[in-house]
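Please look over the model shown here, with attention to the contact between its chains and to one of its sheets.

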There are 2 protein chains.
Amino acid sequence: MKNPPALEQLIESLRCLPGVGPKSAQRMAYYLLQRNRKGASGLANALDIALQVVDHCKLCNTFSEQPICPLCSSEQRDKNLLCVVEMPTDLLMLENTQAYTGMYFVLMGRLSPLDGIGPKEIHLEKLIKRAQDGAFNQGPVQEVILATNYTVEGDATAHYICELLKARGIKTSRIARGMPMGGEIEYVDSGTLAQAMLERRSV
Amino acid sequence: MKNPPALEQLIESLRCLPGVGPKSAQRMAYYLLQRNRKGASGLANALDIALQVVDHCKLCNTFSEQPICPLCSSEQRDKNLLCVVEMPTDLLMLENTQAYTGMYFVLMGRLSPLDGIGPKEIHLEKLIKRAQDGAFNQGPVQEVILATNYTVEGDATAHYICELLKARGIKTSRIARGMPMGGEIEYVDSGTLAQAMLERRSV
């Protein structure tokens, strides 16, 4: 005894979503067919359109509908600074701070040998070329800022990129570690506090 | 600063899935566009096909590609027994036990006034008609077995249906409560144990 074939196929297809196992996929399929057919047809449509029009920016590698994304083609941005982030979300978060006016490079991941993600998968060759040639072949950038996450994998990725860039004589920096804004010493984790102490700066 | 429009639209559309909020939707969209474009296009396709061909069985209300599902049209099933379950999954689970050879009625939900799910949403009129007229107008069924979940909502649903059926003189039963197979008294929860004691049967 099984579900009808088209329903089984939908359940199987929903499992391509990250974090969705057999039980959630079944729940999602039932829900869509029972309570939200309009949403389901909208989703099918949005998937088709996104697959057609969304590609990567040739310069910064983020998702874009144009060959060069609006940020990279903007005249307002400082072409001498290049900030490396893991994901497009990180880029959006940094933009929201309005604390940075340079260019970006989006790795679309982080080094993670166990998941089969090596230097090629995060486009390091393209990054090196971008750092050496500049955005529009105007020569090497002045500084590369590594803004990968402070997780084990993000930090390893930053180290790896740092070595590659230093070997080519490109100035490299890493975003600061320390106490968060509004953080109280009593409640901050000891790792963060230790780093904040080690990397203290004179005032 | 935002994602490109087609990507924003995909993220918004993914939120129609149950249990998917803005952050997961963004993660899913990035994953599909970056690492699994084939899966995404398969999903769009499966959604379209399922929306076209999957509807409800006119008799038992489960998902079916035919007007009458294979189980309802089978000659092998006992037409005098009608088992009421909440979801098609529950039907599949009962079928896997091979302990029941009668017919089914799938509510496609449970009474849940807070979520706006009342008697109409779980097709109770259709159920009453089905119990009174039989599968193919051969007269009332001999017994309706209520196999909704033993959750608060599932139990309330069973009570409600029970009252409706009793008022029409139809014999109604509820699946048994008690110790699970292989259950140890030391580890079973006290509610289950209390019910097992109250509903003990002579041997």
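Which residue is the bridge partner of Leu81(B) in β5(B)? The partner is Glu143(B), and the points below set this pair in its sheet before turning to the interface. This is a predicted model, in which local features need pLDDT of at least 70 and side-chain atom pairs count only at pLDDT 80 or more, while totals for chains, interfaces and linings use all residues. Residues are numbered from 1 along each chain as its sequence is written, and side-chain values use heavy atoms, with hydrogens and water left out.

**The sheet of chain B**
- Strand β3 (residues 78-85) of chain B runs parallel to strand β5 (residues 143-146) of chain B, and four bridges join them; strands are DSSP runs (E, at least two residues), and two of them pair if DSSP finds at least two bridges between them.
- The open sheet holds four strands of chain B in the order β4-β3-β5-β6, with parallel pairing, and its edge strands, β4 (102-106) and β6 (172-174) of chain B, each pair on one side only.

**The interface of chain A and chain B**
- The contact (heavy atoms within 4.5 Å) takes 56 residues from chain A and 56 residues from chain B.
- About 5000 Å² is buried between the two chains, 72% of it on carbon and sulfur atoms, where buried area is the accessible area (1.4 Å probe) lost by two parts on being put together, summed over both.
- The rule finds zero salt bridges across this interface, a salt bridge being a side-chain nitrogen of Lys or Arg within 4 Å of a carboxyl oxygen of Asp or Glu.

Note on methods:
Chains lettered and ligands numbered in written order.
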